[in-house]
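Ready for a short tour? Open your viewer, switch on the side chains, and follow along one stop at a time.

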Protein chains: 2
Amino acid sequence: MKYRLNYQIQFMDCDEEGRLKLSALIKLMMHVSNLQLSSLGLGTKDFLAKNLGWVVTQYQFEFDRLPKGGEQVVLTTEAKGYNRFFCYRDFGVETKTGQTLITVHSQWVILDLVQRKMVRPTADLLSPLVQAEGVRGARLKRLRPLAEYDKKSTYLVRYDDLDTNHHVDNANYFVWMTEPLGRDFLNQHEPASLTIQFDQEVQYGQKVQSLLSLQDNLSQHEIKCADQKSALAKIKWRKADENTNA
Amino acid sequence: MKYRLNYQIQFMDCDEEGRLKLSALIKLMMHVSNLQLSSLGLGTKDFLAKNLGWVVTQYQFEFDRLPKGGEQVVLTTEAKGYNRFFCYRDFGVETKTGQTLITVHSQWVILDLVQRKMVRPTADLLSPLVQAEGVRGARLKRLRPLAEYDKKSTYLVRYDDLDTNHHVDNANYFVWMTEPLGRDFLNQHEPASLTIQFDQEVQYGQKVQSLLSLQDNLSQHEIKCADQKSALAKIKWRKADENTNA
């Protein structure tokens with residue numbers, strides 16, 4: 001049951017080179033999955049009424065290229081099953097003619113917003129999205145932190161960073177992680193692949209440290225908060241002009 | 001010639017109370033005006049091809065209430081004429097049944113992106129949007145800075161803050177200005193009216209100072225950068241529960 005949405009990339013969702021921002025991509029993925037889930041009575045609003053929230057714990061991206069402002073694309077999403085801890089979901093961004101631009105695998109938990117605890121996925125809770133326990137597709141690889149990083153930057157968690165789950169919107173992690181790479185690097189490169197995992201929530205008003213190591217177009221990232229590991233990521237970059245499909 | 005777009009407010013565009021963020025509202029206004037302008041060959045993409053950009057210099061908002069996540073609204077926009085410096089444009093957010101939620105007046109300049117200079121609006125450049133010089137509607141009031149403010153906060157201009165005009169996206173000013181009010185105030189209040197004017201661009205990598213004075217539910221704001229006035233705003237707030245239409 002693949003859900004598809006025709007969408008024109010907004011200029012306001014693009015970086016200064018006109019490419020879709022990673023933070024905006026995350027937002028679009030949330031939007032399209034929420035459209036599918038809402039149509040089945042399992043959306044953000046439906047879950048909020050039960051004090052439940054969908055929370056992503058991991059994303060794995062492959063980029064053929066980033067779509068550009070004004071470009072017509074098709075956003076896709078598909079549930080890939082669940083086990084006793086996690087739900088799995090794929091996303092895609094395609095051109096109008098069906099060429100794949102971005103492929104994403106993701107892993108989610110269902111959170112009890114009052115008790116701040118994970119809720120076990122069940123067929124009862126998730127029907128009619130999925131009928132029985134089981135996962136189709138590959139498992140996502142876990143990341144390990146580096147012993148040392150080359151660069152440390154500090155960001156303050158803002159009110160603007162909070163979402164309707166009363167926690168920090170995941171899109172912010174992409175901003176905190178990539179900012180330390182700087183304007184020149186970011187303009188001259190595009191991600192080829194990206195894995196990110198979310199381990200520990202950060203809170204409004206806290207300071208987060210964004211740790212970075214960059215070597216041979218592989219950047220490794222850790223977000224730390226109050227000396228705790230909050231998130232890890234690994235991004236393989238390529239020169240923007242090496243892109244064969246641009 | 002009023003342009004209308006049906007739109008469902010995305011949860012990712014809302015604050016933790018589920019209300020549309022001001023920064024997201026700005027983004028939606030840009031989107032709907034760009035849709036109208038593009039349909040007439042005057043959109044961001046068309047202008048970029050001529051090294052031109054649309055730049056807002058002032059907004060004046062009246063809020064009946066902020067729309068909520070999941071709500072179906074109608075976004076409207078309408079060109080209100082031009083004089084030898086400025087173009088004028090109104091925006092609106094309405095419920096599906098035609099109740100006005102937000103009314104916005106705005107003033108724009110056309111910027112030569114290479115020379116970083118204002119371009120004079122002409123019927124030739126702006127046809128078929130408007131046929132002749134002249135402005136319908138009220139003039140926007142200019143703001144004055146305060147001699148002193150109560151609170152000073154500092155923000156770093158991020159790569160993520162840049163837009164396709166290679167300058168800082170106006171939506172960021174709303175974040176810099178409102179953050180110092182803090183989570184409790186922002187959750188418990190809503191804007192009733194807001195005027196903002198943009199005087200001087202800020203640049204990537206610069207530090208901006210967000211100056212704030214708050215008295216009797218009127219907040220006054222100045223964004224300073226390298227000791228220069230960059231933007232001013234004045235916001236009248238009301239208690240979120242005083243909202244008669246909630």
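Select A:Arg120 in this predicted model. With a relative accessibility of 49%, A:Arg120 counts as partly exposed, because its value falls between the cut-offs of 20% and 50%. Now add A:Glu133, which is partly exposed at 45%. These two form a salt bridge, and their closest N and O atoms are 3.7 Å apart. Follow the chain from one to the other: A:Arg120 sits in the loop between strand E6 (117–119) and helix H3 (123–126), while A:Glu133 sits in the loop between H3 and strand E7 (134–135), 13 residues apart.

Next, move to chain B and select B:Glu201 and B:Arg116. Their salt bridge has its closest N and O atoms 3.0 Å apart. B:Glu201 is in the loop between strands E9 (189–198) and E10 (207–215), and B:Arg116 is in the loop between strands E5 (100–112) and E6 (117–119), so the pair ties together parts that are 85 residues apart in sequence. B:Glu201 is partly exposed at 31%, and B:Arg116 is partly exposed at 35%.

Back in chain A, pick A:Arg142, A:Asp199 and A:Lys229 together. Salt bridges with shared partners join these three into one network.

For the last stop, show both chains and select B:Asp160 with A:Lys21. Their salt bridge has a closest N–O distance of 3.6 Å. B:Asp160 lies in a loop of chain B and A:Lys21 in a loop of chain A, so this pair joins two chains. Is A:Lys21 buried or exposed? A:Lys21 counts as buried, at 14% relative accessibility, whereas B:Asp160 is partly exposed at 22%.

Want to keep exploring? The structure holds 22 salt bridges over all chains.

Terms used: Residues are numbered from 1 along each chain as its sequence is written. Chains are lettered from A and ligands numbered from 1 in the order in which they are written. This is a predicted model: local features need pLDDT of at least 70, side-chain atom pairs count only at pLDDT 80 or more; totals for chains, interfaces and linings use all residues. Side-chain values use heavy atoms; hydrogens and water are left out. A salt bridge is a side-chain nitrogen of Lys or Arg within 4 Å of a carboxyl oxygen of Asp or Glu. Helices (H or I, at least four residues) and strands (E, at least two) are DSSP runs, numbered from the N terminus. Buried means under 20% relative accessible area, exposed over 50%, partly exposed in between (1.4 Å probe, protein chains only).
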